[in-house]
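Colleague: Could you take a close look at one part for me, the nonpolar core, and tell me what sits in and around it?

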Protein chains: 2
Amino acid sequence: MIKVTLPDGAVMEIDKKSTPIDVARRISEGLARNVISASYNGETIESTTPLKEDGTLTLFTWNNDEGKRAFWHSTSHVMAQALEELYPGIKLTIGPAIDNGFYYDLDIGEYSVSEKDFPKIEARMLEIARGKHEYKMRSSSKAEALKFYKKQNNQYKLELIENLEEGTITFCDHSTFTDLCRGGHIPNTGLIKAIKLLSIAGAYWRGDETKPQLTRIYGISFPKQKELKEYLELIEEAKKRDHRKLGKELELFAFSQKVGQGLPLWLPKGAALRERLENFLKAAQKKAGYETVMSPHIGQKELYVTSGHYTKYGEDSFQPIHTPKEDEEFLLKPMNCPHHCEIYKTKPWSYKELPKRYAEFGTVYRYEQSGELHGLTRVRGFTQDDAHIFCTPDQLDKEFKNVIDLVLYVFGSLGFENFSTQVSLRDPDNPDKYIGSPENWEKAERAIINAAEDKGLNYVVEKGEAAFYGPKLDFMVKDALGRNWQLGTIQVDYNLPERFDLNYKGSDNELHRPVMIHRAPFGSMERFVAILLEHTGGNFPLWLTPEQVIVVSISEKYEKYAKKVLHLLENDEIRALSDDRNETVGKKIRDAEMAKVPFMIIVGEKEEKMNAVKVRRHGGEDLGMITVDEFSDIIKEETNNSLKQFKV
Amino acid sequence: MIKVTLPDGAVMEIDKKSTPIDVARRISEGLARNVISASYNGETIESTTPLKEDGTLTLFTWNNDEGKRAFWHSTSHVMAQALEELYPGIKLTIGPAIDNGFYYDLDIGEYSVSEKDFPKIEARMLEIARGKHEYKMRSSSKAEALKFYKKQNNQYKLELIENLEEGTITFCDHSTFTDLCRGGHIPNTGLIKAIKLLSIAGAYWRGDETKPQLTRIYGISFPKQKELKEYLELIEEAKKRDHRKLGKELELFAFSQKVGQGLPLWLPKGAALRERLENFLKAAQKKAGYETVMSPHIGQKELYVTSGHYTKYGEDSFQPIHTPKEDEEFLLKPMNCPHHCEIYKTKPWSYKELPKRYAEFGTVYRYEQSGELHGLTRVRGFTQDDAHIFCTPDQLDKEFKNVIDLVLYVFGSLGFENFSTQVSLRDPDNPDKYIGSPENWEKAERAIINAAEDKGLNYVVEKGEAAFYGPKLDFMVKDALGRNWQLGTIQVDYNLPERFDLNYKGSDNELHRPVMIHRAPFGSMERFVAILLEHTGGNFPLWLTPEQVIVVSISEKYEKYAKKVLHLLENDEIRALSDDRNETVGKKIRDAEMAKVPFMIIVGEKEEKMNAVKVRRHGGEDLGMITVDEFSDIIKEETNNSLKQFKV
């Protein structure tokens with residue numbers, strides 16, 4: 001008998017050579033059916049691997065990332081088998097699981113394979129899967145392994161084996177197929193019920209462009225056909241929601257080759273939307289006691305020498321700006337904090353006047369390789385909804401909580417209900433790499449955890465993830481398609497107050513160092529708008545959307561009445577426009593749907609006579625004929641429902 | 001007899017050798033008394049110079065700039081005479097009139113002269129003035145003139161004479177004093193009734209630092225003692241209103257050596273004020289059909305090659321920003337127009353969609369020598385209230401008028417009632433130096449003059465002052481101290497639409513070139529705030545001022561009631577703060593006056609009991625005891641009076 005400890009701390013005595021599935025069966029038959037992978041003492045094993053000594057066991061199902069990884073990696077073996085059968089003589093290299101599926105890199109020699117061949121390959125894979133072949137791990141000596149691949153003349157596997165140590169070499173067999181493999185498979189191929197090959201691409205052996213080019217085939221698989229269907233719909237939906245596509249369709253932003261890659265131009269509708277977002281946050285920040293400041297987009301070398309950024313201005317950055325004056329150098333600002341420190345320094349402060357909360361929608365510039373640029377999510381110039389709070393160490397706790405309230409208010413107002421957070425603390429084994437006194441760190445870390453606890457956040461603590469200058473709290477939101485995005489951040493900073501020699505006079509009449517909090521609920525306006533576009537598919541909350549109403553008259557005869565309605569709506573501060581193009585009503589309705597305008601008003605003879613409007617909601621719901629006042633009230637009510645005031 | 005033509009076209013027959021004063025006497029005795037200088041056939045002459053041939057005569061009095069110039073230049077002779085008497089042997093060089101007064105540059109040899117000596121010099125000058133000595137011009141041969149100054153060993157005058165042509169050399173004598181002089185004097189020294197020497201400084205001979213250093217004494221003089229008094233008060237007031245001083249006192253902005261000279265940091269109160277100004281203009285612009293856009297603060301080299309700015313990026317500019325990519329170059333944007341042209345280019349346009357009016361508060365960067373920087377009026381980074389209108393040539397007339405309306409609205413809302421304008425047209429003798437067709441120029445120039453006429457502007461037309469790319473209209477405001485400031489500008493541009501190959505589809509279905517209008521009513525936010533500070537002395541209009549009300553409780557007992565009042569005011573969107581420092585009421589009242597807060601509310605026992613407030617206006621006026629509601633109404637009414645809505 002051996003002792004197996006489970007993640008909840010429970011210890012189970014089992015027969016030596018029992019497998020993880022046996023352990024699962026002791027817990028429940030259901031679990032045993034679902035276990036597809038496991039780890040033992042921290043190492044990935046098969047769910048069918050006999051356990052030979054005492055240890056800690058974790059069981060994985062499809063619902064764990066580890067389980068999915070085993071599932072997809074196992075499917076890559078099935079794909080390789082199908083390919084070997086269909087294209088005899090091809091050479092296998094590696095076939096790992098990735099975030100969404102798997103790939104296999106192959107040297108296909110003289111064969112030509114394209115997406116047209118995918119149905120054939122998928123069919124053969126499913127046939128193999130249905131055979132319910134067990135994945136069996138088998139140890140091999142180095143000599144044996146080399147011999148096996150020498151016979152196949154597979155230089156890739158030979159190279160891999162050369163780099164492995166004797167005693168660590170394993171193969172995995174299933175059906176007629178054998179592959180050099182470290183392990184981590186599902187019990188048998190029968191679990192794979194749905195397969196989709198996604199794309200084919202070139203890839204260099206070991207990612208090295210001096211080495212032979214291989215063929216990489218990407219795929220994904222699921223335990224249920226339904227899950228594949230949902231996944232493919234998600235991919236389709238993500239394509240439709242691509243912010244670059246929507247941004248163009250909705251005329252929100254554009255890029256120009258002449259202005260430069262990664263430097264967005266905000267078109268009128270996008271600029272107005274961004275301004276509404278900024279004003280929304282400004283109003284909340286005002287209530288929360290922030291003060292707006294404005295600083296230039298460049299700073300002298302000396303500023304960044306003081307802040308410590310200058311030494312980081314390497315060859316991969318925007319280079320310094322020289323001037324006619326020798327030795328004078330300016331830098332495009334990569335962040336706003338050094339400027340705000342200098343603003344803090346313009347006068348002496350007493351503890352009674354703190355905290356000072358300086359907010360600025362500050363545009364910063366950071367060089368990114370052109371290959372890394374992506375729409376509004378990865379740009380070279382972006383505007384942070386930045387603020388820096390200068391407070392006493394004792395005020396940190398309250399300030400941190402207040403910032404969390406603000407971030408939650410922002411997420412709530414914009415429909416991000418689903419988010420998680422990470423608290424990044426010091427590495428306890430490396431206390432020397434951090435600036436600031438241990439007492440202050442202690443205080444700050446406690447402040448963050450208290451605040452996260454107090455606000456009921458769903459958080460994980462990561463030790464050693466703090467920056468050298470202070471601990472932090474990061475927010476990750478899950479969008480409507482279930483994708484995770486890193487958004488706002490709240491960071492404590494002991495470094496800049498030190499470097500800029502900031503101080504305040506305490507109640508003891510002595511000078512003390514303030515603590516600084518950096519925070520940005522949106523993160524960057526560009527990135528946030530991109531995420532919001534993909535999250536909402538362009539159907540923005542009513543308070544934010546570019547146009548709230550479009551007025552369509554059923555013929556030219558009612559244009560005048562349409563204009564009157566438009567005017568009444570505008571007087572009520574409703575964003576309305578009228579479609580007075582020379583087009584059919586049907587076409588106008590279709591275009592309004594395309595433009596994602598939340599409400600459509602249709603006016604004709606009856607409406608004019610009754611001094612009313614016919615209202616139709618985006619998506620089709622008919623609100624019938626009502627007066628303009630009644631309609632205004634609907635808009636106001638829905639706006640107020642989606643946008644509450646921030647309460648301190 | 002000769003014929004003299006006067007500026008109004010009248011022709012007068014007069015005896016040959018009559019003087020300008022004789023001519024003035026023929027018009028009126030009053031004018032004769034006031035004439036102090038004249039020009040004949042475009043050349044400055046003395047008012048006592050005999051007229052020998054037919055010609056055109058202009059008479060100048062103290063009310064003309066030319067008259068003042070003669071007055072001050074004549075005073076510089078008197079100063080030189082006084083100095084020669086007090087410091088025998090000093091050498092005279094030149095002594096011109098300047099914008100406000102005059103100076104004389106002297107080689108004072110071994111003497112030492114300082115401001116302490118000014119009273120003595122002024123006294124001697126007034127004594128000379130009272131002698132009513134006539135200024136008499138006298139021709140001299142070169143030889144004679146050289147001989148005169150050789151005797152004095154005056155190398156400066158010798159150098160000047162060497163450079164003069166025989167037959168053009170004149171001296172001016174008065175009393176015992178003689179000076180090499182081209183002329184332009186008042187009739188006699190008796191007109192000079194008030195003199196003030198202002199400062200003393202070093203100045204190189206001919207402004208060349210390799211040449212000997214001279215002593216420059218600045219002074220000013222007036223025909224009446226009262227005028228000197230007023231002038232000195234004005235100087236004193238201007239010092240008090242210096243925007244650099246007020247900006248610091250009111251905590252509006254600051255500079256930091258580390259961030260860099262000429263790069264303003266807007267402090268909370270200044271940023272809020274600037275935001276109110278921007279929002280004020282945004283609201284008007286929205287009504288006027290402008291759309292906000294946003295563009296980055298840098299642009300790629302190619303953008304500026306296209307716009308033509310790249311070739312102007314000389315050694316005296318901010319130098320290009322290099323990146324890791326070879327040959328990639330970005331530039332800090334010196335203006336927003338190239339970016340807006342690229343925004344216009346993001347889609348095709350029909351004439352039906354024009355005009356497009358793109359507005360942006362765009363921050364631009366231009367390098368200025370550090371010696372030329374001055375507070376917020378001369379900076380290296382500033383934000384233009386920029387907009388570019390893209391329209392058809394036929395729309396130019398209407399657009400120009402609309403822009404003028406907007407500019408007048410801005411000036412009116414900010415208390416600049418006193419302004420003049422200049423229309424800058426082509427040089428008719430140089431038609432080739434302009435881009436754009438003569439017909440379009442004709443159209444544009446007519447549009448500007450029509451608009452100026454139609455809007456009843458006080459304008460002067462300057463031919464040859466247009467930029468090569470289009471005619472323009474500039475606005476100059478006179479501030480409360482009578483000083484002129486160049487503010488907003490409206491410019492027509494045929495060049496950038498050409499360079500960026502902009503077009504629209506006309507009603508003829510062909511592509512046409514739009515016309516562009518650049519306009520900025522404020523000019524720059526930095527400069528405008530500076531001028532507004534100096535114009536208002538920091539007493540901003542009620543709608544704009546940082547704090548509208550300060551609440552002072554007469555003792556700690558009433559702090560709670562003070563807070564309640566504050567809260568009520570804030571609910572009414574009134575910008576109020578309470579002074580809860582531990583200071584006497586007297587001190588608090590004095591400080592509120594210093595801070596230029598328009599209203600002060602004082603609360604004590606009686607006020608709390610009556611649920612009322614005692615209100616005092618900045619400057620002292622007592623409004624008595626009223627309810628908070630009544631006070632809110634006063635603020636609202638005064639705000640509405642000073643800030644009307646813009647009407648299209």
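Modeller: Here is the core, followed by a small sheet and a helix.

A quick word on the basis: this is a predicted model, where local features need pLDDT of at least 70, side-chain atom pairs count only at pLDDT 80 or more, and totals for chains, interfaces and linings use all residues. Residues are numbered from 1 along each chain as its sequence is written, chains are lettered from A and ligands numbered from 1 in the order in which they are written, and side-chain values use heavy atoms, leaving out hydrogens and water.

A nonpolar core here is a set of buried Ala, Val, Leu, Ile, Met, Phe, Trp, Tyr and Cys residues joined through side-chain atoms within 4.5 Å, with buried meaning under 20% relative accessible area (1.4 Å probe, protein chains only). The largest one has 64 residues, and among the members touching the most others are B:Leu396, B:Phe400 and B:Leu473. Helix H12 of chain B (residues 396-413) gives the most to this core, nine residues; helices are DSSP runs of H or I, at least four residues, and strands runs of E, at least two, numbered from the N terminus. Leaving aside residues up to four places away in sequence, B:Phe400 touches B:Ile448, B:Ala451, B:Leu473, B:Ile490, B:Val492 and B:Ile517 (contact: heavy atoms within 4.5 Å). A second, separate core of 63 residues includes A:Trp266 and A:Met525.

Chain B also has an open antiparallel sheet of three strands, ordered S17-S19-S18 (strands pair if DSSP finds at least two bridges between them). Three bridges join S17(B) to S19(B), and B:Gly299 has B:Leu331 as its bridge partner.

Finally, in helix H11 of chain B (residues 337-344), eight of eight residues are buried, including B:His339 and B:Glu342.

Technical notes: Buried < 20%, exposed > 50% of the residue type's maximum accessible area, 1.4 Å probe, protein only.
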